[in-house]
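Good morning, and thank you for making time for this. I would like to walk through one structure with you, slowly, and then leave it open for discussion.

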Amino acid sequence: MNQTLDPAWLETMRQRLVSRREELERHREDLLRALAAEGRSLAEEGTVATHPADAASDVTMAEYDQTTLRILEEELHEIALALQRIEHGTYGVCIDCGRPIERERLEAVPWAARCVADQERFERELERQRSG
């Protein structure tokens, strides 16, 4: 499967994935520290905000941080799967149809697991499930 991919290019992609993983792990650790600090601060201040706008701001910030953390963890998971595909010799092969993923797509999104057509189909199906 990887035999059609240039080994030097494949190593470059592996390095990009590892570098992105390290960047995301640092960001996640910073975010977890911030969330812990916010939690300690709320515990020290009490749970009742002095003004409704402060309470709304606290909730909005906590939701934003939780969403950001979830997105980071999802991307870290996708990167881990891409690194496994490199190890197993299946990197660059669409997990749905088995055809090669376009090199340009992999360069843009190194953790891509699907060709463009299957990714679009996958996203439409997710959207359909969410809306009803």
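**A walk through the contacts**

Let me begin with D118, which lies in helix α4, the helix covering residues 116-131. Please keep in mind throughout that what we are looking at is a predicted model. D118 counts as buried, because its relative accessible area is 5%, under the 20% limit. If we leave aside its neighbours within four places in sequence, D118 is in contact with C94, D96 and C97, and those residues lead us to the cysteines.

How many disulfides does a search of the whole structure find? The search finds zero. The sulfur of C94 is 3.7 Å from the closest cysteine sulfur, which belongs to C97, and because a disulfide needs the two sulfur atoms within 2.5 Å, that distance is too far for a bond. C115 is in no disulfide either, since the nearest cysteine sulfur, that of C94, is 3.9 Å away, and the limit is 2.5 Å. As for their surroundings, C94 is buried at a relative accessible area of 3%, and C115 is buried as well, at 4%.

From C115 we can step back to R114, which is buried with a relative accessible area of 13%. R114 forms a salt bridge with D96, in which the closest N and O atoms are 2.8 Å apart. That pair links distant parts of the chain, with D96 in the loop between α2 and α3, R114 in the loop between α3 and α4, and their positions 18 residues apart. D96, unlike its buried partner, counts as partly exposed, at 45% relative accessibility. R114 also lies over the face of F122, at 3.8 Å from the ring centre.

In total the structure holds ten salt bridges, and I will mention a few others. In general, side chains of opposite charge can pair when their charged atoms come close. Within helix α4, R128 forms a salt bridge with E125, the closest N and O atoms being 2.6 Å apart, and these two residues are three places apart, about one turn of the helix. Here R128 is exposed, with a relative accessible area of 53%, whereas E125 is partly exposed at 32%. In helix α2, E74 and R70 form a salt bridge with their closest N and O atoms 2.9 Å apart; because they are four residues apart in that helix, about one helical turn separates them. Both ends are partly exposed, with 43% for E74 and 43% for R70. There is also a network of salt bridges, which links R20, E23 and E75.

Let me turn now to the nonpolar side of the structure. The largest nonpolar core has 22 residues, and those with the most contacts inside it are W9, L17, L83, I86, Y91 and L106. Helices α1 and α2 each supply at least two residues of this core, and the largest share, eight residues, comes from α1.

Two of those residues, W9 and Y91, deserve a second look. A search of the whole structure finds one aromatic pair, and in it the ring centres of W9 and Y91 are 6.5 Å apart with their planes at 45°, so the pair is tilted. The pair joins distant parts of the chain, as W9 sits in helix α1 and Y91 in the loop between α2 and α3, 82 residues apart. Both of these residues are buried.

I will stop there and take questions.

Notes: Residues numbered from 1 in each chain as written. Predicted model: local features only at pLDDT ≥ 70, side-chain atom pairs only at ≥ 80, totals over all residues. Heavy atoms only, no water. Buried < 20%, exposed > 50% of the residue type's maximum accessible area, 1.4 Å probe, protein only. Contact = heavy atoms within 4.5 Å. Phe/Tyr/Trp six-rings, centres within 6.5 Å; stacked < 30°, edge-to-face > 60°. Lys NZ or Arg CZ within 6 Å of the ring centre and 35° of its normal. Core = buried A, V, L, I, M, F, W, Y, C linked by side-chain atoms within 4.5 Å. Salt bridge = Lys/Arg side-chain N within 4 Å of Asp/Glu carboxyl O.
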